[in-house]
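Please follow the structure below in two steps, beginning with the packing of a pair of helices and then turning to enclosed space.

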Amino acid sequence: METNGVQTLTDRQALDKFLNLAMRCIHEFEEFLLLFHPSKLRGKKQIELLNVTAKHFFGALYYQLIDRIVLSVVRLSEDAEQLGHLNLTIKTLHKRFSSNAAYPKGEAMDLIVVMRNIAGNVKSWRHWEVVHFPLLNTTKDKFNAKRIQEFYAALRKYLELAYLSMFGKPCNISTPGYFGVAELLKAIRYGHSLKLLLDSEARLADAIIKNDLTRVREVMARRVPKLAQVSESDGAGGDF
């Protein structure tokens with residue numbers, strides 16, 4: 001049987017390696033939520049903004065990310081061994097750690113059951129929506145972001161339990177605070193605002209295209225006097 005190096009790792013090394021995989025998957029899912037499932041406060045406006053900016057691109061990206069998210073959940077929860085290969089999954093860790101007296105098998109199993117039930121639905125999505133193009137869409141199961149959130153919530157609890165019980169240390173499950181999607185949305189909002197301004201002011205658009213800074217200032221002075229005054233007092237100049 002091929003071990004993929006898993007059996008040569010210590011319990012701590014195996015858990016650390018799995019944690020790194022889990023954090024990467026969780027962060028990717030959080031980026032997806034930030035982009036396509038924003039808060040109710042800005043949800044409708046944000047989706048409208050994406051549609052106005054590049055409807056077909058973001059539509060394709062949405063389904064591509066769903067594929068990756070579904071596959072990530074399946075990978076994290078699949079069987080410990082398949083076709084002679086030993087996988088690094090929740091089931092692998094549970095089987096491995098069960099011989100460790102410090103490992104809380106009962107509590108861990110309760111969380112694994114929660115993840116296993118959710119993963120069962122996810123495998124249905126994977127089978128019919130990721131791996132195949134069905135002639136007739138007969139499955140009732142559809143991608144559900146809330147269920148994925150519940151899976152990762154149970155996974156966080158499992159990792160925290162394993163680290164604290166076996167190694168006496170809390171699990172640093174926090175994903176990176178930096179979100180590329182936040183920067184993308186900021187750029188899209190700025191770009192859309194500039195587009196609206198240029199669409200309503202043909203002379204300003206022409207001045208920018210011609211790199212005529214003097215004319216840009218003249219046009220902006222009529223629209224936003226204070227902005228033009230600040231630019232002149234700062235001695236702004238040079239190419240645009």
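Axes here are lines fitted to C-alpha atoms, for helices over the stretch in contact, and angles run from 0 to 180 degrees between N-to-C directions. The model is a predicted one, and in it helix α1, residues 11-36, packs with helix α6, residues 180-200, at an angle of about 25°, the two axes lying 9 Å apart. Angles under 35 degrees count as roughly parallel, and α1 and α6 are therefore roughly parallel to each other. The crossing in which α1 passes α6 is right-handed.

Which residues in α1 and α6 meet? From α1 come Glu-31, Leu-34 and Leu-35, and from α6 come Gly-180, Val-181, Ala-182 and Leu-185. By class, the residues of this contact divide into 5 nonpolar, 1 polar and 1 charged; the charged one is Glu-31 and the polar one is Gly-180, since Gly counts among the polar residues.

The second step concerns enclosed space, for which a search of the whole structure finds 1 cavity of 30 Å³ or more. About 40 Å³ of space lies in the largest cavity, and its lining is made up of Ser-77, Ile-90, Lys-91, Ile-112, Met-115, Arg-116 and Phe-151. The elements that give two or more residues to this lining are α3, residues 90-97, and α4, residues 105-131, and the largest share, 3 residues, comes from α4. Sorted by class, the lining of the largest cavity holds 4 nonpolar residues, 1 polar residue and 2 charged residues.

How values were computed:
Residues are numbered from 1 along each chain as its sequence is written. This is a predicted model: local features need pLDDT of at least 70, side-chain atom pairs count only at pLDDT 80 or more; totals for chains, interfaces and linings use all residues. Side-chain values use heavy atoms; hydrogens and water are left out. Helices (H or I, at least four residues) and strands (E, at least two) are DSSP runs, numbered from the N terminus. Angles under 35 degrees count as roughly parallel, over 145 as roughly antiparallel, 65 to 115 as roughly perpendicular and the rest as oblique. A crossing is left-handed if the near helix is turned anticlockwise from the far one by less than a right angle, and right-handed if clockwise. Contact means heavy atoms within 4.5 Å. On a 1 Å grid over the protein atoms alone, a cavity is a set of points where a 1.4 Å probe fits but cannot get out, and a pocket is an open set with protein on both sides within 12 Å along at least five of seven lines; lining residues have an atom within 4 Å of a point. Grid points are joined across faces, edges and corners, and a volume is the space filled by probe spheres set on the points.
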